[in-house]
Structures are given as structure tokens and as C-alpha cells.
Amino acid sequence: MRIIVVTGAASGIGKATAEYLRSSGARVIGVDLENTDVIADLSTPQGRKEMIESVSSLAPDGIDGVVAAAGVCPPVSPDQIISVNYFGAIATLEGFQPHLANSPAPRAVAVVSTAALMECRDDLVEACLSGDEEAARKIALECGETSYTASKRALGLWLRRAAAETSWAGAGITLNAVAPGTVRTPMTIPLLETEEGREILSKATPIAVKDYGEPEELAEILAFLATTEGRYIIGQILYVDGGTDALLRPNLL
Ligand code: NAI
């Protein structure tokens with residue numbers, strides 16, 4: 001039986017992914033702030049360490065996959081957004097890399113966002129990529145809400161650079177991401193419930209289909225990237241966005 005760690009497993013996309021994987025026969029170890037197997041705060045170095053330790057004791061022989069779905073968005077404070085969405089996700093993916101070594105088909109999957117296509121400050125993205133959490137958190141406070149964009153852009157760029165390295169692809173571990181567009185989850189429902197919120201979203205992330213995504217539709221793609229299939233998919237960011245990427249970047253392959 002494959003063992004897959006899913007962060008953000010108590011809600012929305014992470015919860016749907018955990019349920020989908022369980023129903024497909026995997027053993028899932030959920031990580032979240034509450035209501036799942038491992039309770040850990042991924043915004044802090046201590047919480048990240050606790051996550052790795054707890055999962056190690058639940059799966060002493062290692063794991064087969066990790067799906068890093070935990071995330072926050074405004075109105076959560078910009079420094080917290082950077083710590084959870086970028087540094088928490090990196091700590092999850094890198095932290096479990098050694099635990100994947102014994103799997104016959106090791107898989108790592110991140111959740112970025114179409115928000116990564118929006119404008120944000122390059123110095124914040126660079127501070128993330130250089131691993132300087134303290135500096136990144138300071139810059140984030142100046143940037144405000146665009147810190148969400150920066151957190152997801154940095155995560156996507158980190159993944160593109162890391163995936164082909166010897167420690168990932170070279171070790172047989174696929175590292176890929178899904179970039180959701182607007183998905184109806186507890187994160188977005190407050191925005192989707194107001195006319196103003198829907199207007200903001202349709203300008204920033206236009207969609208080509210009639211309705212927003214559902215968490216289950218993301219779950220099946222995230223689960224696919226965590227299965228034994230897809231050995232040759234490396235460093236890809238798969239937009240599952242109702243057409244947002246195609247509308248915003250029609251000339252990009
Ligand atoms: P959600 O709010 O339903 O679920 C996020 C989960 O992450 C929650 O269970 C929450 O407790 C957990 N989490 C937050 N901070 C944490 C921390 N410090 N430590 C541990 N766990 C923490 O949100 P949703 O929509 O399911 O989001 C999942 C991922 O998808 C996030 O990374 C989000 O940025 C991304 N995303 C969501 C989109 C959407 O439209 N819903 C669009 C694009 C990306």
C-alpha cells in the first residue's frame with residue numbers, strides 16, 4: 001500500500017485529495033493545524049520539524065509520496081503567507097525527500113496558483129529563493145496582498161529549478177505542481193459570495209468555462225501526480241484553471 005503525506009488535509013483541496021487517495025487504496029497521513037493525523041504549524045521551523053518527526057514515527061520505513069497543499073491567502077498577514085506558502089511548502093518537499101528514497105515510485109507534488117502569473121515584487125521572490133525567511137517576511141510586510149503571488153511564484157520557480165537536479169529526478173523522484181485557478185473551497189468561498197469579490201477574481205483570473213473549479217477536480221490531478229504513473233513527468237506545473245493560463249498567456253508554450 002502506498003503511503004502519501006498530504007498537508008492542508010483538513011480542508012478544501014488537501015482534504016479532497018486525501019479522500020481521493022484513500023478511496024484509491026493509499027494510506028494517507030494528513031498534516032494540518034487541526035482535525036487530521038499530524039497536527040503541525042508549517043509557518044514555524046518548530047512546527048515543520050514536528051511534522052517530519054511525527055510522520056517518521058507513523059511511517060518508520062518511509063513514504064511513497066508527498067502532496068504539499070497547505071496554504072493561506074489574504075486577509076492572513078503577508079509575512080504569515082510567505083512562511084506557510086513558500087517556506088512551509090519547501091520544508092515539506094525537501095524534508096520528506098530522504099523519506100522517499102525506498103519507494104519504488106517516489107512522487108512529490110506542490111500546489112502553486114494562477115496567482116503566480118500576477119504582478120509582484122521581484123525582491124520578495126528572490127528573498128524566498130535565497131532561503132532567507134526573515135528578509136522575505138520583512139519585505140512581505142511592505143508588499144501586502146501581492147505576497148500571495150510572490151509566495152506562489154517563488155514556489156513554482158524553486159520547483160522548476162529543483163526538479164531536474166540529481167537529488168530529485170536523478171534519484172527517481174518526480175517533482176511537479178498543480179496550479180489551480182479559482183476553486184470553491186473555504187479559502188475562496190467568502191470572496192465568491194460577494195459581487196465585488198467575483199468581479200475582482202474575474203479581472204485577475206478570467207475563466208473560459210461557466211463555473212469555478214471544485215476541490216475534487218483538483219484532487220484527481222494531484223492524486224495522479226502522486227501515483228506510480230507519470231515517471232517521465234518532471235518539473236511541470238499543470239494549470240487546472242478553467243482556461244485562465246490559456247487566456248492570459250496564449251503565446252506561451
Ligand atoms: P483551504 O483554506 O480550504 O485549505 C488550506 C489548508 O491549509 C487548511 O486546512 C489550513 O488549516 C491549512 N493550513 C493553513 N496554514 C497552515 C499552517 N500554518 N500549518 C499547517 N496547515 C496550514 O484552502 P484551499 O483552497 O484548499 O487551498 C489549498 C492550496 O491551494 C493552498 O496552497 C492554496 O494557496 C492553493 N490554491 C487555492 C486556490 C483556490 O481557489 N481555492 C487557487 C489556487 C491555489
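Which residues does Ala140 touch, not counting residues up to four places away in sequence? I will start there, because Ala140 is a buried residue at 0% relative accessibility, where buried means under 20% relative accessible area, exposed means over 50%, and partly exposed lies in between, all with a 1.4 Å probe and protein chains only. Its partners are Pro78, Asp79, Ile82, Leu124 and Ser147, with contact taken as heavy atoms within 4.5 Å.

Before going on, a word on the model: this is a predicted model, in which local features need pLDDT of at least 70 and side-chain atom pairs count only at pLDDT 80 or more, while totals for chains, interfaces and linings use all residues. Residues are numbered from 1 along each chain as its sequence is written, and side-chain values use heavy atoms, with hydrogens and water left out.

Ala140 lies in helix α5, and here helices (H or I, at least four residues) and strands (E, at least two) are DSSP runs, numbered from the N terminus. Helix α5 covers residues 133-143, and Leu141 is found in it as well. Leu141, however, is exposed, with a relative accessible area of 53%. Leaving aside neighbours within four places in sequence, Leu141 is in contact with Pro78 and Asp79, two residues that also appear among the partners of Ala140. As for distances along the chain, the C-alpha atoms of Leu141 and Val76 are 65 residues apart in sequence and 11 Å apart in space, whereas those of Ala140 and Arg2 are 138 residues apart in sequence and separated by 38 Å.

Staying with that stretch of chain, please look at Pro75, which is placed in the loop between β4 (65-68) and α3 (78-96). The peptide bond leading from Pro74 to Pro75 is cis, with omega near 15°.

Let me turn to the strands. Ile4 lies in strand β1, residues 3-7, and at 1% relative accessibility Ile4 counts as buried. Beyond four places in sequence, the residues that Ile4 touches include Leu21, Val28, Ile29, Val66, Val67 and Ala226. Of these, Ala226 is 222 residues from Ile4 in sequence, yet the two C-alpha atoms are 7.7 Å apart in space.

Asn176 is found in strand β6, which runs over residues 174-180, and at 2% relative accessibility Asn176 is also counted as buried. The side chain of Asn176 reaches the backbone nitrogen of Gly235 at 3.0 Å; a polar contact here is a pair of N or O atoms within 3.5 Å, where within protein one must be able to donate a hydrogen and the other to accept it, and residues adjacent in sequence count only if both atoms are side-chain atoms. Gly235 is also one of the residues that Asn176 touches, not counting those up to four places away in sequence, and others among them are Ala108, Val109, Ala110, Leu159 and Leu225.

After strand β1 comes a loop to α1, and Ala10 lies in that loop. Ala10 is partly exposed, with a relative accessible area of 22%, and, leaving aside neighbours within four places in sequence, Ala10 is in contact with Lys15, Asp32, Glu34 and Asn35. The C-alpha atoms of Ala10 and Thr36 are 6.0 Å apart in space, with their positions 26 residues apart in sequence. Asn35, for its part, is placed in the loop between β2 (27-32) and β3 (38-39), and at 66% relative accessibility Asn35 counts as exposed. Phi of Asn35 is near 60°, a positive value in a residue other than glycine.

Asp32 brings us to the ligand. Which residues come nearest to the ligand? Of the 28 residues around the ligand (a residue counts if one of its heavy atoms lies within 4 Å), those are Ser11, Asp32, Tyr148, Val183 and Thr185. An N or O atom in the side chain of Asp32 is 2.6 Å from an oxygen atom of the ligand, a polar backbone atom of Val183 is 2.7 Å from a ligand oxygen, and a backbone N or O atom of Gly181 lies 3.3 Å from one. Taken alone the ligand exposes 820 Å², and the protein buries 92% of that, with accessible areas from the Shrake-Rupley method and a 1.4 Å probe. Finally, α1 (12-23) and α6 (146-162) each supply at least two residues of the shell around the ligand.
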